[in-house]
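Work through the exercises below with the sequence and the model open side by side. Try each task before reading its solution.

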Amino acid sequence: MSFFGAPVFFLAAALFALGIYGFMTRRNLIVVLMSIELMLNAANLTFLAAARGTAQANEASSYAVFVILVAAAEVAVGLALVLAVFRLKRDSDIDAARDLRG
Amino acid sequence: MDLTLPDLLGYVLGAVALLAGLGVVTRRDAVVAAMNLVLAFFCLSGIYLLLGFPFLATLQILVYAGAIMVLFLFVIMLLGVTKLARTTIGVPTGLGAVIALAVAAEGGVLATHLAAKNAAGAGSGMTESVEGVASLLFRDAFVLPFEIAGVLLLAAMVGVVVLARRDLTVRGLAEFAREHAFDPKPLVSSRPDAAAPDGLGTGSLAHADAPANGTTKGAANESAGHLSSSSQGTLAATAQPTAGVH
């Protein structure tokens, strides 16, 4: 069967699931950010695969551009936060930032 | 069931992307995880190309595999946290696996639905054109979102500059605010005015209200581009050993 039918959507779903798994189980803040990147890429893949060959191909591209843009901003802010946490706690483990715990 | 070359390439790239994604979430070395993520990005870019989105494929390489991953690797190297602690096997891991499997199942259901819909609506044969995307972003439908995205990037940039400062403590932020309140002194006194007699010409306006700056006056006419933005006279004194007036 053609890859561009159901299999490409299954691939996107699997990549998204991998991202969720990494987001929930990894303890290092940098790897958590990488998992978020994986999820955003899976969303992009779904956008583009769903618009393939339809009249909305350009719209899908624009949405994907916005997703990439938001991902870039998110990574920059997230890594700056990781740097700040590391500077205060000497640790990039996600449990280092638990000062707001009630 | 006949596999054309794009289909075959798509399956290969998809399999590699899945393996690389698995590597991202399972490898313990952060650098290896980042490299796996780069591989996944490249495979996804190839899939975009096969889907008929060459502009997005280029953007994926440039922004994701280029800029974002350089940022990741830079921070990993900066922090020196390449060896990570073993993931705790317990409730979070099991919960994560269960939720991920649930999402994957739902994605599968959605996938079959989308694939059927896609097969029905794919008759027009339109493909992405850079002209079309540019016209949407800069002229037609997405002009306002695009401008808002620019503001978002600016806000993110300012936030990153503030967050990444060395003195990110409450006291450090207060000092940052005090230092960077508008102050005409650096603008006036940093003018290269070497012909000033005994420091009066070089920003007499700037030095008028700060008594600590009296020590910098002698050094001011010695070198033209001295650091007069430092209001502490000690810094200026140590920066100019040739002055020798202290």
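The exercises go from whole chains to single residues, and the model they treat is predicted.

**Exercise 1. State how many helices and strands each chain has, and in what order they run.**

Solution.
- Step 1: take chain A. Three helices and zero strands are assigned there.
- Step 2: read along its sequence. The pattern is α-α-α.
- Step 3: take chain B. Eleven helices and zero strands make up its secondary structure.
- Step 4: read from the N terminus. The elements of chain B run α-α-α-α-α-α-α-α-α-α-α.

**Exercise 2. Find how confident the predictor is in each chain, and locate a stretch of chain B under 50.**

Solution.
- Step 1: average chain A. The mean pLDDT is 87, and 99% of the residues score at least 70.
- Step 2: split chain A by element. α1(A) has the lowest mean, 89, and α2(A) the highest, 92.
- Step 3: average chain B. Its mean pLDDT is 73, with 60% of the residues at 70 or above.
- Step 4: scan chain B for low values. Residues 194–246 stay under 50. For this stretch the model has 48 contacts beyond four places in sequence.

**Exercise 3. Describe burial, surface and contact range for each chain.**

Solution.
- Step 1: count burial in chain A. Of its 102 residues, 61% are buried.
- Step 2: do so for chain B. Of its 246 residues, 33% are buried.
- Step 3: take the accessible surface. Chain A exposes about 3700 Å², with 66% from carbon and sulfur atoms. Chain B exposes about 14400 Å², with 70% from carbon and sulfur atoms.
- Step 4: keep contacts between residues at least 6 apart in sequence. In chain A, 53% of them join residues at least 24 apart. In chain B, the share is 44%.

**Exercise 4. A:R26 is buried: what is the nearest side chain of opposite charge, and which backbone oxygen lies 3.0 Å from the A:R26 side chain?**

Solution.
- Step 1: place the residue. A:R26 sits in the loop between α1 (6–25) and α2 (29–50) of chain A.
- Step 2: look for an opposite charge. The nearest such side chain is B:D29, at 8.6 Å.
- Step 3: apply the cut-off. A salt bridge needs nitrogen and carboxyl oxygen within 4 Å. A:R26 has no salt bridge.
- Step 4: look for a backbone partner. The backbone oxygen of B:V25 lies 3.0 Å from a polar atom of the A:R26 side chain.

**Exercise 5. Characterize the residues A:T25 and A:I30.**

Solution.
- Step 1: place A:T25. It lies in helix α1 of chain A.
- Step 2: judge its exposure. A:T25 counts as buried because its relative accessibility is 4%.
- Step 3: follow its side chain. The A:T25 side chain reaches the backbone oxygen of A:Y21 at 2.8 Å.
- Step 4: place A:I30. This residue belongs to helix α2 of chain A. Its relative accessibility is 0%, so A:I30 is buried.
- Step 5: compare sequence and space. A:I30 and A:V75 are 45 residues apart in sequence, and their C-alpha atoms are 9.6 Å apart.

**Exercise 6. Decide whether A:E74 is buried, partly exposed or exposed, and list what it touches.**

Solution.
- Step 1: place the residue. A:E74 lies in helix α3 (residues 57–89) of chain A.
- Step 2: apply the cut-off. Buried means under 20% relative accessible area. A:E74 has 22% relative accessibility, so it counts as partly exposed.
- Step 3: list contacts, skipping residues up to four places away in sequence. A:E74 touches A:L33, A:I36, A:E37 and A:L40.
- Step 4: check one distance. The C-alpha atoms of A:E74 and A:I36 are 9.5 Å apart, with their positions 38 residues apart along the chain.

**Exercise 7. Find what B:G21 contacts beyond four places in sequence.**

Solution.
- Step 1: place the residue. B:G21 is in helix α1 (residues 5–26) of chain B.
- Step 2: judge exposure. B:G21 has a relative accessible area of 0%, so it is buried.
- Step 3: list contacts. B:G21 is in contact with A:L18 and A:L38.

**Exercise 8. Identify the salt bridge in the model and the exposure of its partners.**

Solution.
- Step 1: count over all chains. The total is one salt bridge.
- Step 2: name the partners. B:D140 and B:R139 meet at 3.6 Å, N to O.
- Step 3: judge exposure. B:D140, at 45% relative accessibility, is partly exposed. B:R139, at 61%, is exposed.

Methods. Residues are numbered from 1 along each chain as its sequence is written. Chains are lettered from A and ligands numbered from 1 in the order in which they are written. This is a predicted model: local features need pLDDT of at least 70, side-chain atom pairs count only at pLDDT 80 or more; totals for chains, interfaces and linings use all residues. Side-chain values use heavy atoms; hydrogens and water are left out. Helices (H or I, at least four residues) and strands (E, at least two) are DSSP runs, numbered from the N terminus. Buried means under 20% relative accessible area, exposed over 50%, partly exposed in between (1.4 Å probe, protein chains only). Lys and Arg count as positive and Asp and Glu as negative; His and the chain ends are not counted. A polar contact is a pair of N or O atoms within 3.5 Å; within protein, one must be able to donate a hydrogen and the other to accept it, and residues adjacent in sequence count only if both atoms are side-chain atoms. pLDDT is the predictor's confidence in each residue, from 0 to 100. Contact means heavy atoms within 4.5 Å. Accessible areas come from the Shrake-Rupley method with a 1.4 Å probe; for residues, only the protein chains shown count as cover.
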